[in-house]
Amino acid sequence: MSDTTNPPVKTEEEPPSGDSMMQRIVAGNALISVLAVVIALVIGGFLIAFANEDVREAATYFFSRPMDTISAAWTAVSDAYIALFRGSIFNWEATTFAGAIKPLTESIVFAVPLILAGLGIAVGFRAGLFNIGAQGQIIVGAIFASYIGFAWDLPVGLHLLLAMIGGAVGGAVWGAIPGVLKAKSGANEVIVTIMLNYVAVYLISYTLKQPVFNPGRSGQKSPAVAESASYPPLIPDWLVPGNSFRLHWGVIVAILATMAVWWLMERSTIGFELRAAGANPNAARTAGMSVGRITVITMVIAGGLAGLASTAQVLGTEGALTAGVAASYGFDAITVALLGRSKPWGVFFAGLLFGALKAGGFLMQSLTQTPIDIVLVVQSVIVLLIAAPPLVRAIFRLPDPDRPRRSARTAKKQEVAA
Amino acid sequence: MSTSTVTEPVPDTEVDEAVVGKINYRAPIVNALAALITLLVFGMGPTADAETTFQVSSGSTMFSIPNISLPSLITILVLGFVQLGAAAYALVLVRARRTVPVWLHIIVGLAFVISFLVYAGAGRSSVIPVTTLLAGALALSVPLIFGAMSGVVCERSGVINIAIEGQLLIGAFAAAAIASRFASSYAGLVAAPIAGAMVGALLAWFAVRFQVNQIIVGVVLNTLVIGLTGFLFSTVMSDDAALWNARQPLSTIKIPLLSEIPIIGPVLFQQTILVYLMYVIVIVLQFMLFRSRWGLRTRAVGEYPKAADTVGIKVNTRRVWNVIMAGAIAGLGGAFFSIGSGLAFGREMSAGQGYIALAAMILGKWNPKLAVVAALLFGFSRNLGNVLSSIGSAVPSELLLMLPYIITILAVAGFVGKVRGPAAAGTPYTKS
Amino acid sequence: MKLELQGITKVFGSLVANDHIDLVVEPGEIHALLGENGAGKSTLMNVLYGLYDPSEGQILLDDVPQRFNGPGDAVAAGIGMVHQHFMLVPVFTVAESVALGYEPAGPAGVLEMAKARQHVLEISERFGFEIDPDAKIEDLPVGVQQRVEIIKALSRDAKVLILDEPTAVLTPQETDELINIMGELKESGTSIVFITHKLREVRAIADRITVIRRGKVVGEASPTSTETELASLMVGRSVSLAVDKEPAEPGDVAFELDKLTVLGSTGTPVVDKVKLKVAAGEIVCLAGVQGNGQSELAEAILGLADTDGGAIRLDGEDLAGKSVRERLEAGIGFVPEDRSTDGAIADFSIAENLVLDLYNTEEFSRGVSLSPSKVAANANVRTEEFDVRFTDIHDKISTLSGGNAQKVVLAREMSRPLRLFVASQPTRGLDVGSIEFVHKRIVAERDKGTPVIIVSTELDEVVSLADRIAVMYRGKIVGIVDVAKAGPMGVNRDVLGLMMAGVSLADAEAQIAKDASATTPKSDEEVPS
């Protein structure tokens with residue numbers, strides 16, 4: 001928080017915090033991630049059982065007939081998780097093929113904005129910036145994109161492209177503010193982005209009251225985005241007849257963006273600078289990089305990606321600007337970036353997982369009355385566990401693969417200090 | 001330091017201009033900006049003969065104070081020039097390399113706020129209710145103050161507490177549920193800090209034991225609490241609302257005599273026990289942090305943990321307990337949303353106030369008393385937005401509601417950009 | 001109190017930092033623990049002070065075995081420690097710092113600051129320190145901060161006082177005062193363990209000397225041993241401290257600082273109107289006690305610190321106001337003082353660290369597209385050329401030893417044509433072999449005709465490497481000693497020592513000459529160059 005000044009003497013034996021903290025986000029292994037998901041689902045299961053009325057009723061006579069409680073709990077949990085699966089991957093009770101795979105397409109629909117915004121946050125993490133502001137960046141991007149989408153009249157193709165660019169620019173502008181403030185005055189980006197989220201919430205509410213956005217004064221919704229500015233459906237009717245998929249070309253944008261971010265981070269000079277500034281800003285400065293400039297560039301990229309996430313909503317799924325356009329994508333994207341360890345493809349798959357949890361959560365809620373809030377609990381438990389591998393290892397009694405290597409490194413530091 | 005064997009270096013023979021640091025023009029610039037907004041924006045609003053009326057109620061029958069009407073334009077102009085004068089004085093001071101006194105900022109701030117009120121209420125039949133404005137401001141500030149105190153305790157011991165939001169929310173939840181279950185608002189008052197402390201314990205467990213990045217743990221814990229309380233709200237609580245979520249308001253306690261003071265009496269001393277507890281916590285914390293063994297050790301642990309370790313202070317143990325205590329303070333503050341305001345629990349009812357509390361703590365430079373001032377400022381500007389939109393001011397309510405957040409951004413970028421928090425905040429401590 | 005260490009072993013992972021160390025310190029004895037950087041001295045003392053648990057062995061005080069669970073236990077047993085990096089909270093007052101952990105307090109833990117102040121005054125009076133108990137630590141000079149540390153230890157009735165590299169931050173004169181204080185403490189019966197790698201000090205103060213190398217006790221020595229004897233014990237073989245180099249053939253002045261000024265955070269100058277000219281093909285060493293502006297001067301040359309007046313001319317072109325990148329492109333090679341925080345990125349690979357300031361050149365990138373194959377090829381060439389020992393160029397640089405990591409930094413900075421080479425503490429913390437290598441490369445760079453500036457607090461390094469020595473004190477250059485003109489006896493270190501305390505060259509020479517005629521000169525006072 002704010003400027004931390006070191007004590008007057010440098011303590012060499014303590015690892016530089018910035019280094020290790022970002023390294024922890026990026027490092028880690030897949031097994032831990034899988035186990036974390038398992039534990040989180042188990043914890044979620046206990047909650048579902050606890051909140052289930054049948055279970056609680058059976059629990060009143062637990063000591064006379066314990067099996068009743070256990071079987072009621074089993075029924076409640078398995079019903080919920082089966083519904084979750086049917087709502088997110090494959091619905092075997094559907095009558096048509098299209099209906100059976102619709103849940104999978106819904107998962108992807110929810111995943112697209114999560115992936116795009118998650119990429120933005122991951123870029124920030126890699127550069128050592130805690131961008132909590134994806135929510136606000138999505139909102140401002142959505143305002144820009146939707147305005148171009150419904151107010152301008154342009155040819156097909158160009159219209160969509162401009163609306164997408166508009167969304168990215170809107171997000172980038174909102175992202176640039178904390179970037180510039182941090183570069184110029186050292187303002188802590190965590191605080192500034194949090195504040196800008198709230199400003200954006202009021203901004204969208206104000207915008208939607210303006211005549212341009214609300215011609216009929218009908219409610220909290222802008223005019224629909226023109227066909228020419230909308231993402232076309234990804235799976236045409238001739239391919240899967242009778243489909244009502246909401247899946248649109250936004251998913252292609254997400255895949256391209258993932259590839260682009262990978263290239264940017266691993267194969268470009270910008271990514272090199274960005275990672276250097278994130279891993280060790282002092283060394284980056286000594287090597288002639290302008291850390292302030294990198295901060296601004298990073299936040300512009302991060303905001304631009306969040307802005308693109310908004311286009312998946314306003315130019316695709318929703319087709320118009322609403323007050324709730326960002327839903328909780330901006331915050332969920334933080335957990336997506338963490339789960340994906342800030343690596344582009346990691347973020348991509350983490351986004352798919354969380355999209356599936358979201359899509360499945362809705363069916364689970366309608367079929368089993370299990371509130372979708374359980375998804376939030378599961379998500380946060382996953383991220384907490386992934387951030388603390390020793391805990392997961394302790395639960396499953398796994399050996400610590402890092403041990404010899406890490407302690408050797410510490411020892412080396414000690415040696416230098418001694 | 002002895003200099004017996006040290007002879008001064010031979011002075012430079014050339015005549016040199018004195019080497020001095022750069023002048024920091026921030027104070028005069030900010031003041032001048034406020035003056036210009038007052039003169040050019042607010043001053044353009046009212047017509048020449050418009051008036052603004054302020055209503056001051058005493059809250060008791062002993063006094064009655066008539067409404068005060070001011071000529072809008074002239075008041076704004078006068079206040080604008082006061083601010084301009086202050087800016088000029090600040091300029092003189094910084095050029096003379098003297099520090100700008102705090103009272104100058106307070107004058108500018110007050111003049112700015114009053115001129116805004118005059119502008120917003122100009123030429124309207126409705127009056128600006130000063131007492132309501134202040135009372136509402138305090139009410140909105142209470143959870144912020146609790147949250148900021150929680151942040152101070154936590155960060156002074158070296159752990160960043162983003163989880164204030166979650167602690168407030170779970171406090172509101174626990175207070176509502178337990179108060180309802182036992183049909184006693186005081187039971188809720190016990191439950192809230194315990195629930196908050198549990199979130200604090202989780203934060204401590206992950207941040208201190210596993211050394212997970214503290215900002216990440218905080219953000220995730222907030223999500224966890226939102227999910228958990230939302231889940232239980234939609235299941236257990238809704239299934240039997242009469243048992244688990246019936247309103248159990250804390251009763252208002254009038255302090256004799258003090259509550260009779262005009263304007264501030266009813267605002268400050270006609271409150272629930274929760275607010276009085278808040279006064280106590282702030283005062284005790286301010287004293288203990290700087291004048292007690294606990295405070296000295298806590299600050300050492302937050303500034304330079306290794307130094308604390310070398311004198312036998314158990315750094316991580318102290319951090320854990322302080323983080324748990326901080327959680328309890330925020331949890332207690334969360335009770336204000338439910339039983340403290342006479343409401344049942346509602347989904348996400350803390351509505352991001354925990355983050356504002358964090359901002360108040362930073363604006364208050366990690367100092368309890370200054371954090372209270374910052375929290376009051378936020379509460380005031382937020383309530384100002386509410387009051388003005390209810391009296392039908394021309395200023396869009398959204399823009400007013402944005403104000404606290406924008407002020408925080410400006411403050412973080414300008415006023416406190418260089419302020420230094422506890423040096424070790426955010427850094428886990430390991431000895432070997 | 002008699003302190004005895006028996007078979008102390010401390011293992012970090014695969015590294016044995018202390019290997020069965022035995023040590024006896026008699027009551028009222030000043031016992032020096034001598035060893036190179038990284039020999040395991042500080043680890044041993046951290047074990048003794050309860051900061052680390054020993055893997056094996058035990059500690060005895062007056063023949064009673066001790067078990068310390070933390071520094072609190074060690075302090076209670078009568079052990080005090082003055083750490084190399086002071087353990088003082090910068091924002092605390094002196095009284096608060098001394099009280100911390102042992103606070104006089106009344107009911108409810110309310111501090112009794114009057115008592116704490118009184119305590120500070122009593123102890124500082126006893127030893128003639130003039131210390132204001134209400135002064136803030138961060139406002140005090142390092143020498144005074146060190147005294148606060150000593151007061152801290154004494155206020156807890158330390159019977160054994162450990163001083164960990166106490167002179168690293170002191171001027172020679174402050175060092176003399178510290179030696180006096182140590183003498184007084186010894187008189188009063190305190191045992192002192194004095195950790196250092198400076199031979200001269202050991203001989204001046206110690207009653208007994210234990211030398212450790214690579215975690216093992218390699219021998220005991222008496223204070224009458226010569227420096228060369230101690231040095232060879234310390235490093236394990238007979239070493240020539242001198243650098244093998246030809247006399248410089250300086251060309252024209254290529255680099256010039258003209259009244260360069262840098263202000264510190266408090267607005268006072270830390271580099272004060274410094275004038276310095278460096279010719280092509282010569283090495284100028286900036287000597288001085290740490291904290292006298294050398295580091296800031298080096299940073300200002302690269303543009304890491306803002307300058308507040310004056311000019312930095314490289315071949316006549318003023319660099320002041322230019323960015324770090326522009327200066328690097330102008331041909332400055334820069335090795336920063338702190339390798340791990342400024343010179344390399346621990347999480348980056350060896351290959352990436354080798355292009356840390358070159359990644360955007362045409363050699364490694366086209367537009368914004370970086371070429372990994374060229375980066376890798378470069379790494380193979382450079383590591384070969386600079387004899388870097390590694391497993392894979394894609395391994396993180398943090399897997400390398402200090403010496404190899406420094407070679408990586410050096411290889412990067414010397415891998416392009418330079419017009420100026422600046423290095424701060426280029427050999428700090430390195431083993432002897434790496435030091436020799438680094439020195440050779442620096443001399444080679446000079447012989448290519450590059451002006452070279454070396455900042456070093458190690459007098460040995462300065463004397464053996466420099467063609468000219470500029471001594472800094474409180475932000476100013478107090479004088480420049482020309483090594484070539486020093487005659488067959490080499491540079492007089494006492495003159496340099498006086499200059500490091502702010503005495504001008506002429507005064508210092510006069511004073512030393514006077515002292516020399518008054519007392520018989522010691523034979524080993526000068527080191528042959």
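User: What makes Lys448(C) count as exposed?

Analyst: This is a predicted model, and in it Lys448(C) has a relative accessible area of 60%. Exposed means over 50%, so Lys448(C) gets that label.

User: And its partner Glu445(C), is that buried or exposed?

Analyst: Glu445(C) is buried. The cut-off for buried is under 20%, and Glu445(C) comes in at 3%.

User: Why is the contact of Glu445(C) and Lys448(C) called a salt bridge?

Analyst: Side chains of opposite charge can pair when their charged atoms come close. Here the N to O distance is 3.4 Å, and the rule asks for a Lys or Arg nitrogen within 4 Å of a carboxyl oxygen of Asp or Glu, so the pair passes. As for shared partners, salt bridges also join Lys245(C), Arg446(C), Asp447(C) and Asp467(C) into one network.

User: How many salt bridges are there over all chains?

Analyst: The count is 46. One of them joins Asp134(C) and Arg117(C), at 2.8 Å from N to O.

User: Where do Asp134(C) and Arg117(C) sit in chain C?

Analyst: Arg117(C) is in helix H4 (113-126), while Asp134(C) is in the loop between helix H4 and helix H5 (142-155). They are 17 residues apart, and the pair links distant parts of the chain.

User: Why is Asp134(C) called partly exposed?

Analyst: Its relative accessibility is 42%. That's in between the 20% limit for buried and the 50% limit for exposed, so "partly exposed" is the label. Arg117(C), at 30%, is partly exposed as well.

User: What about the salt bridge of Glu413(C) and Arg412(C), are those residues buried or exposed?

Analyst: Both Glu413(C) and Arg412(C) are buried. Their side chains meet at 2.9 Å, N to O.

User: Let's switch to rings. What makes Phe110(A) and Phe362(A) a stacked pair?

Analyst: A pair of aromatic rings is described by the distance of the centres and the angle of the planes. There are 26 aromatic pairs over all chains. For Phe110(A) and Phe362(A), the centres are 5.6 Å apart and the planes are at 25°. Pairing needs centres within 6.5 Å and stacking needs planes under 30 degrees apart, so both tests are met.

User: Which parts does that pair tie together?

Analyst: Phe110(A) lies in helix H5 (residues 97-126) of chain A and Phe362(A) in helix H14 (residues 344-368) of chain A, so the parts tied together are 252 residues apart in sequence. Phe110(A) is buried at 12%, whereas Phe362(A) is partly exposed at 43%.

User: How do you know that Phe42(B) and Tyr119(B) are stacked?

Analyst: Same two tests: their ring centres are 5.1 Å apart and their planes are at 25°, so the pair counts as stacked. Phe42(B) is in helix H1 (residues 26-42) of chain B and Tyr119(B) in helix H3 (residues 102-120) of chain B, so the link spans 77 residues of sequence. Phe42(B) is buried at 5% relative accessibility, and Tyr119(B) is partly exposed at 24%. Ring pairs also link Phe42(B) and Tyr119(B) with Phe112(B) and Phe116(B) in a cluster.

User: Last one: what makes Glu57(A) eligible for a surface patch of negative charge?

Analyst: A patch residue needs over 30% relative accessible area, and Glu57(A) has 54%. Glu57(A), in helix H3 (residues 53-59) of chain A, gathers with Glu53(A), Asp54(A) and Asp240(B) in that patch.

Technical notes
Residues are numbered from 1 along each chain as its sequence is written. Chains are lettered from A and ligands numbered from 1 in the order in which they are written. This is a predicted model: local features need pLDDT of at least 70, side-chain atom pairs count only at pLDDT 80 or more; totals for chains, interfaces and linings use all residues. Side-chain values use heavy atoms; hydrogens and water are left out. Patches are made of residues with over 30% relative accessible area and no salt bridge: like charges are joined within 9 Å, nonpolar side chains (Val, Leu, Ile, Met, Phe, Trp, Tyr) within 5 Å. Accessible areas come from the Shrake-Rupley method with a 1.4 Å probe; for residues, only the protein chains shown count as cover. Lys and Arg count as positive and Asp and Glu as negative; His and the chain ends are not counted. The place of a charge is taken as NZ of Lys, CZ of Arg, CG of Asp or CD of Glu. Helices (H or I, at least four residues) and strands (E, at least two) are DSSP runs, numbered from the N terminus. Buried means under 20% relative accessible area, exposed over 50%, partly exposed in between (1.4 Å probe, protein chains only). Rings of Phe, Tyr and Trp (its six-membered ring) pair if their centres lie within 6.5 Å; planes under 30 degrees apart count as stacked, over 60 as edge-to-face and the rest as tilted.
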